[in-house]
Amino acid sequence: MDVKIAFTDKEITPWAGISLMQNMLKKMSFDQILKDLALPSQGSNRGYKPEQLIQHFLLGIWCGASCFEHLEVTRHDKVIQNLFGWSKMAGSKAFHRYFNKFSQATNQQVFDELYTWFFNNFQFDNYTIDFDSTVITRYGNQQGAAKGYNPRKPGRNSHHPLLAFVSDCRMIANCWLRPGNTGASSNFLSFLEDTLYKLGNKKAGLIRADSGFYSDEIMKYLESTKHNYIIAAKFYRPLKVKIAKHTKWWPISKGLEIGETSYQSDNWDEPRRVIMIRQYVPQRPKAVGKQLSFFEGDMQFKDYRYSCFVTNLDLPAQIIYDMYRGRADCENRIKEIKYDFGAENFNMRNFWGTEAALNFVMIAYNLMSLFRQAVLKTKKQNFLSTLRYKTFAIGGYLIKDGNSKILKLSLAMQRRQWFKGLWSSSTYIKLPHVL
């Protein structure tokens with residue numbers, strides 16, 4: 001059958017489903033929150049309002065933008081423009097100019113207030129907080145980009161942000177951008193205090209971290225402040241010798257054994273509890289962990305992979321092991337903010353502008369996490385890339401009905417009731433929300 005083309009002047013959006021997010025933000029008074037923040041002001045009356053630029057930035061990310069230039073994806077969408085009540089929409093260069101206005105002091109003030117406001121809207125306590133760092137490779141001459149640990153691109157300049165995750169509700173509690181030549185635990189104690197401040201009077205029941213944070217200074221601080229912790233240990237030679245001499249192992253699964261001991265490093269004031277795991281590779285070919293090798297050609301321990309954790313908890317060893325395994329989920333969160341939210345690509349020459357953009361990416365992630373839990377209410381936490389085509393990529397157009405506007409959606413009959421349910425959830429969301 002031959003196909004002909006014709007044109008219409010009707011303004012149609014491919015992102016009508018984003019109206020659910022707009023509904024939720026309206027219920028949260030998000031626009032007013034942004035107005036109350038100490039955001040950098042525009043120097044010209046013709047400049048876009050700061051609260052519009054921030055919301056447009058978040059909106060672009062949810063609709064698929066993975067760098068500043070991709071924010072044009074929604075710029076000419078008149079339906080979205082009318083939904084949010086904007087007279088015009090900014091181009092990509094406007095975001096560059098605006099984020100360059102952020103300074104270190106501005107970032108501290110703005111994101112202290114914004115994260116605090118966000119977490120004050122939720123009821124949860126005695127939570128688990130995970131700390132991790134990641135490497136973001138840079139290819140230009142951005143401030144703070146330096147050569148450091150970069151497993152994927154050795155020798156390339158990078159940034160090395162530090163992140164804190166609230167495991168229980170799959171949200172990001174804090175993010176600091178750091179130069180690429182900093183160690184994983186650099187400035188950790190200041191970052192920890194800043195994170196706990198942002199979370200308000202909620203109690204951190206457990207702190208988990210990988211071996212990059214294996215430090216006597218960190219563990220001493222956590223012990224002095226009465227925080228429970230599980231931290232993966234670095235396999236320095238004295239610890240490897242301790243593990244090699246250990247003989248009491250209890251099987252907990254096929255090819256998986258657990259043990260515990262007391263260990264005191266040379267620079268520690270007192271011994272600490274260590275939980276040890278060993279996996280028999282012939283039975284568990286995908287076993288992770290370190291091999292105990294003391295010299296070249298050492299074959300004695302070749303069939304085992306070892307992991308070990310330092311903790312101040314007084315729980316059974318297997319429970320501590322199971323508790324630490326949950327930390328792996330933050331690796332999935334890092335992948336999602338990189339690949340779905342474009343965290344690696346919103347960068348500029350200005351270091352503090354890049355940090356501001358990165359933190360707004362984290363806010364976009366948190367709002368989307370809230371949307372999953374409070375509006376979609378599904379047990380399965382779909383990635384943003386899945387939500388885009390399942391929930392947001394819906395054709396639609398606006399019509400006027402007296403003084404009201406009606407968003408007409410292109411949805412098959414069997415999906416209409418589903419969307420009505422989501423619309424109701426986004427409209428009547430109650431705050432503070434119980435997570």
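Biologist: In this predicted model, which residue forms a salt bridge with Arg372, the closest N and O atoms being 2.3 Å apart?
Modeller: Arg372 lies in helix 12 (residues 351-376) and its partner in helix 11, so the pair ties together parts that are 36 residues apart in sequence. With the closest N and O atoms 2.3 Å apart, the pair falls within the 4 Å that a salt bridge requires. The partner of Arg372 in this salt bridge is Glu336.

Biologist: Is Glu336 buried or exposed?
Modeller: A residue counts as buried when its relative accessible area is under 20%. Arg372 meets that cut-off at 3% relative accessibility. Glu336 has a relative accessible area of 1%, so Glu336 is buried.

Biologist: Which residues are linked with Glu336 and Arg372 in a network of salt bridges?
Modeller: The salt bridge between Arg372 and Glu336 belongs to a network in which further residues are linked. Besides Glu336 and Arg372, the network holds Arg170, Asp329 and Arg333.

Biologist: How many residues apart are Asp132 and Arg327, whose side chains meet in a salt bridge?
Modeller: The N to O distance in this salt bridge is 3.4 Å. The pair links distant parts of the chain, with Asp132 in strand 3 (residues 127-133) and Arg327 in the loop between helix 10 (317-325) and helix 11 (329-339). Asp132 is buried, with a relative accessible area of 2%, and Arg327 is buried as well, with 6%. Along the chain, the separation of Asp132 and Arg327 is 195 residues.

Biologist: Is Asp269, which meets Lys220 in a salt bridge, buried or exposed?
Modeller: The side chains of Asp269 and Lys220 meet at 2.8 Å, N to O, and they link the loop between strand 12 and strand 13 (272-280) to helix 8 (residues 216-224). Lys220, at 36% relative accessibility, counts as partly exposed. Asp269 has a relative accessible area of 60%, which is over the 50% cut-off, so Asp269 is exposed.

Biologist: Which strands stand at the edges of the open sheet of three strands?
Modeller: The order of the sheet is 4-6-5, with antiparallel pairing. Each edge strand has a single partner strand, so one side of each is left without a neighbour in the sheet. The strands at the edges are strand 4 (136-137) and strand 5 (146-147).

Biologist: Which residue in the turn of the hairpin formed by strand 11 and strand 12 has a positive phi?
Modeller: Strand 11 (residues 250-253) and strand 12 (residues 256-263) pair in the antiparallel sense over three bridges, and Ser253 stands opposite Leu256 in strand 12. Two residues lie between the strands, and the one with a positive phi, of about 75°, is Gly255.

Terms used: Residues are numbered from 1 along each chain as its sequence is written. This is a predicted model: local features need pLDDT of at least 70, side-chain atom pairs count only at pLDDT 80 or more; totals for chains, interfaces and linings use all residues. Side-chain values use heavy atoms; hydrogens and water are left out. Two strands pair if DSSP finds at least two bridges between them. Helices (H or I, at least four residues) and strands (E, at least two) are DSSP runs, numbered from the N terminus. Buried means under 20% relative accessible area, exposed over 50%, partly exposed in between (1.4 Å probe, protein chains only).
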